[in-house]
Amino acid sequence: MMTPLLPPEEGDLRLVVFDWDGTLMDSPRRIVHCLQRAAKDTGAPVRDEATLRNIIGLGVQAAVRELYPDADDAFVQHFSDTYRECYLAADDAPETPLFAGVSDLLDWLDAREILLAVATSKSRRGLDQALEATGLGRYFVATATGDEYPSKPNPTMLQSVMGRTGVEPARTRMVGDSVYDLEMARHAGVPAVAVTHGVHSPERLSDESPLALQPDLESLLEAFRRAEGTT
């Protein structure tokens with residue numbers, strides 16, 4: 001049994017749910033690129049990188065409404081479709097490598113029979129493409145995407161994953177890089193762990209009072225090992 005640093009206060013840790021973009025995959029630069037491309041293609045004002053990084057983690061349509069609050073439904077749909085087309089197909093967009101330590105972390109958790117899942121604002125098509133390209137699909141027993149559920153920080157997608165795996169909030173951990181991940185976890189009653197190599201600053205993430213704050217996935221693995229009492 002693990003000790004209470006990352007694991008639950010009572011019982012074993014049974015489920016770890018990961019965000020994808022900015023948490024497991026270094027994709028924020030591509031997201032920013034395609035949001036700016038979509039703005040140009042739709043004739044909308046182009047927002048700067050800092051503004052765009054701020055809304056990464058929301059569902060695409062929720063992000064567009066945040067960026068262009070006066071936009072009508074038709075514009076939001078057109079912009080969202082244009083963005084998705086760019087992200088999935090643009091040859092000149094930045095690459096999206098996995099962050100260092102992904103496989104080691106997932107292997108370690110999987111070896112301890114801890115269930116793994118994904119709750120992401122990506123589309124189903126985008127997540128499936130990423131899982132196939134990276135070979136990580138085999139790790140995850142459940143996934144939930146932004147076009148299947150309301151946008152984070154609404155807790156529905158996280159609740160769905162817990163429901164499908166049969167694991168209660170106290171034995172679950174949410175790992176993410178944005179305040180939207182942490183807010184979603186709070187609304188679902190799930191303790192959250194933040195990694196700071198993604199889109200939001202350590203200071204902003206700390207304001208959401210995560211259970212732990214780690215600079216990267218390698219440090220997160222070490223924290224899990226320390227919690228278990230191993231090195």
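At 7% relative accessibility, Trp-108 counts as buried, because the cut-off for buried is under 20% relative accessible area. This is a predicted model. The briefing below starts from the ring of Trp-108, then moves to other aromatic contacts, the nonpolar cores, Cys-34 and strand E5.

**Trp-108 and its partner**
- The partner ring belongs to Phe-224, which is buried at a relative accessible area of 1%.
- The ring centres of Trp-108 and Phe-224 lie 6.0 Å apart, with the planes at 40 degrees, so this pair is tilted.
- Trp-108 sits in helix H5 (residues 102-111) and Phe-224 in helix H10 (residues 217-228).
- The two residues are 116 residues apart, and their pair links distant parts of the chain.

**Other aromatic pairs**
- The structure holds five aromatic pairs.
- One of them joins Phe-75 and Phe-79, with ring centres 5.7 Å apart and planes at 50 degrees, so this pair is tilted.
- Phe-75 and Phe-79 share helix H4 (residues 73-89). They are four residues apart there, about one turn of the helix.
- Phe-79 is buried, at a relative accessible area of 0%.
- Tyr-68 joins Phe-75 and Phe-79 in one aromatic cluster.

**Charges over rings**
- Arg-30 places its charged end over the ring of Tyr-87, 5.2 Å from the ring centre.
- Arg-138 lies over the face of Tyr-139, 4.2 Å from the ring centre.

**Nonpolar cores**
- In soluble globular proteins, nonpolar side chains tend to be buried together.
- The largest nonpolar core here has 46 residues.
- Val-17, Tyr-68, Phe-79, Tyr-83, Leu-158 and Met-174 touch the most other members of that core.
- A second, separate core has 29 residues, among them Met-25, Phe-99, Val-193 and Leu-217.
- Beyond its neighbours within four places in sequence, Tyr-83 is in contact with Ile-31, Cys-34, Leu-35, Ala-38 and Val-60.

**Cys-34**
- Cys-34 lies in helix H1 (residues 28-42).
- Its relative accessible area is 0%, so Cys-34 is buried.
- Not counting residues up to four places away in sequence, Cys-34 touches Tyr-83, Cys-86, Tyr-87 and Ala-93.
- Tyr-87 is also the residue whose ring carries the charged end of Arg-30.
- Cys-34 and Leu-24 are ten residues apart in sequence. Their C-alpha atoms are 19 Å apart in space.

**Strand E5 and its neighbours**
- In a regular strand the side chains alternate between the two faces of the sheet.
- Strand E5 (residues 192-195) is covered on both faces. Ala-192 and Ala-194 are buried on one side, Val-193 and Val-195 on the other.
- Strand E4 (residues 172-176) runs parallel to E5, and three bridges join them.
- In that pairing, Met-174 stands opposite Ala-192.
- The chain passes from E4 through helix H8 (residues 179-188) to E5, in a right-handed β-α-β crossover.
- Strand E6 (residues 212-214) also runs parallel to E5, again joined by three bridges.
- Here Ala-194 stands opposite Leu-213.
- Two residues of this region return to the cores: Met-174 of E4 is in the largest one, and Val-193 of E5 is in the second.

Note on methods. Residues are numbered from 1 along each chain as its sequence is written. This is a predicted model: local features need pLDDT of at least 70, side-chain atom pairs count only at pLDDT 80 or more; totals for chains, interfaces and linings use all residues. Side-chain values use heavy atoms; hydrogens and water are left out. Buried means under 20% relative accessible area, exposed over 50%, partly exposed in between (1.4 Å probe, protein chains only). Two strands pair if DSSP finds at least two bridges between them. A crossover is right-handed if, with the strands pointing away from the viewer, the path from the first strand over the helix to the second runs clockwise. Rings of Phe, Tyr and Trp (its six-membered ring) pair if their centres lie within 6.5 Å; planes under 30 degrees apart count as stacked, over 60 as edge-to-face and the rest as tilted. A charge sits over a ring if NZ of Lys or CZ of Arg is within 6 Å of the ring centre and within 35 degrees of the ring normal. A nonpolar core is a set of buried Ala, Val, Leu, Ile, Met, Phe, Trp, Tyr and Cys residues joined through side-chain atoms within 4.5 Å. Contact means heavy atoms within 4.5 Å.
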